[in-house]
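Student: Before we discuss this structure, I should like to understand how its descriptive terms are justified. May we take them in turn?

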Protein chains: 2
Amino acid sequence: MKQAHEVFMDYLRDNGLSMTPQRAMIVDAFLSEEGHFTSEELFTKVRQRDPAIGLATVYRTLKLLTDSGLADAFDPGDGVSLYEHNYGHEHHDHLICIVCNRKVEIMDAEIEERQRQLARENGFELQNHRMLLYGICPECDEKGGH
Amino acid sequence: MKQAHEVFMDYLRDNGLSMTPQRAMIVDAFLSEEGHFTSEELFTKVRQRDPAIGLATVYRTLKLLTDSGLADAFDPGDGVSLYEHNYGHEHHDHLICIVCNRKVEIMDAEIEERQRQLARENGFELQNHRMLLYGICPECDEKGGH
DNA sequence: GAAATATTGATTCTCAATTTCAATAAATAT
DNA sequence: ATATTTATTGAAATTGAGAATCAATATTTC
């Protein structure tokens, strides 16, 4: 598999865009993040390396990352987008604790198949989907359930 | 089954709230809407009946409607909440055309069961879920696919 | 009815995300 | 290389949905 960095370079080239020091640094910071993170969290990390980089550039680069297929963005429900790596990672959805906000990655082949089938039954060509399950995690259930 | 209006009255009473002319009118307008609609669309309809009603009151009443179980709110992905009737209506998710924005209500018992199962496997008590399928509808596929 | 409480509409505020714009940098042509 | 065109940047202003504020009004309770 191609390196993530290479995928980004290819995307830039194919779209007539240039690699810049800022983009390189933001992509590096992005790739070194783990799990889910907000644009602000990435911005903070980027700022630690170069305080001159602006928030707008982080947003712009996150869009490039998303469009290039390296990043996946989703809104867990509070209006603040979360980003995560989407290259070399299996597709998954999320199970979210409504108390502590913990997010567990979930995946079910049967659901995925039924989704495709549902779309097909309605004559739709399925492109994408978003599934969020909300519940109370074991730890919070234990603490709160007395 | 209780009338929707009665459900709202009960909710108000149980929460120490009062029925007011504004709430009555907004609830009526809400109940006469079909399908999915935004807060702005409901506001427009309410304004036609009484231009004195403020947008804030529409938002406040939509929250009451949601909390009372009469309305369901969801964000199709663009940050603008859609509302729909949720009383006397079967639960359903949505299949959305990414071209014309058309929304089809979908429901699959197998998916629902697997969702519960997935939550259970992770020790979660499932409270809620949100599933959106994005694709291209037959009409748009026909028009665009040449 | 009087006092306490709730609700209203207008307005302001919030906050993430986008857009604007002049300055700078990069790519391309000469 | 140098000029010219084009793209990118950071700061700041803007956007837009929704929530919060607040004085005025309405409703409920005593």
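Tutor: Let us begin with a definition: a residue is called buried when its relative accessible area is under 20%, and exposed when that area is over 50%. Please bear in mind that this is a predicted model.

Student: Why is V27(A) called buried?

Tutor: The relative accessibility of V27(A) is 0%. The cut-off for buried is under 20%. V27(A) therefore counts as buried.

Student: Where is V27(A) found, and which residues does V27(A) touch beyond those up to four places away in sequence?

Tutor: V27(A) is found in helix α2 of chain A. Setting aside residues up to four places away in sequence, V27(A) touches F8(A), T61(A) and L65(A). Contact here requires heavy atoms within 4.5 Å.

Student: What makes R23(A) a polar contact of DNA strand D?

Tutor: A polar contact requires a pair of N or O atoms within 3.5 Å. A polar side-chain atom of R23(A) is 2.7 Å from a phosphate oxygen of DNA strand D, and this pair satisfies the cut-off of 3.5 Å. For S81(B), a polar side-chain atom lies 2.9 Å from a phosphate oxygen of the strand. G54(A) uses a polar backbone atom, 3.3 Å from a phosphate oxygen of DNA strand D.

Student: Which residues come nearest to DNA strand D, and which part of the strand do they face?

Tutor: There are 21 residues around DNA strand D, and T20(A), R23(A), T57(A), R60(A) and S81(B) come nearest. Of the atoms of DNA strand D within 4 Å of the protein, 79% belong to sugar and phosphate. By class, the residues of this surface are eight nonpolar, nine polar and four charged. Helices α2 (21-32) and α4 (55-67) of chain A, and α4 (55-67) of chain B, each supply at least two of the residues.

Student: How do you know that β2(B) and β3 of chain B pair?

Tutor: Pairing requires at least two bridges. Four bridges join β2(B) to β3 (residues 82-85) of chain B, and the two run antiparallel. A73(B) stands opposite Y83(B) in β3(B).

Student: What makes β1 and β2 of chain B edge strands?

Tutor: The open sheet has the order β1-β3-β2. β1 (37-38) and β2 (71-74) of chain B each pair on one side only, and these are the edge strands.

Student: How many residues does each chain bring to the contact, and what area is buried?

Tutor: Chain A and chain B bring 34 residues each. They bury about 2,800 Å² between them, 66% of it on carbon and sulfur atoms. L118(A), F124(A) and Y134(A) supply 21% of the area that chain A buries against chain B, more than any other three residues.

How values were computed
Residues are numbered from 1 along each chain as its sequence is written. Chains are lettered from A and ligands numbered from 1 in the order in which they are written. This is a predicted model: local features need pLDDT of at least 70, side-chain atom pairs count only at pLDDT 80 or more; totals for chains, interfaces and linings use all residues. Side-chain values use heavy atoms; hydrogens and water are left out. A residue is near a molecule or strand if one of its heavy atoms lies within 4 Å of it. A polar contact is a pair of N or O atoms within 3.5 Å; within protein, one must be able to donate a hydrogen and the other to accept it, and residues adjacent in sequence count only if both atoms are side-chain atoms. Ala, Val, Leu, Ile, Met, Phe, Trp, Tyr, Cys and Pro count as nonpolar, Asp, Glu, Lys and Arg as charged, and the others, Gly among them, as polar. Buried means under 20% relative accessible area, exposed over 50%, partly exposed in between (1.4 Å probe, protein chains only). Buried area is the accessible area (1.4 Å probe) that two parts lose on being put together, summed over both.
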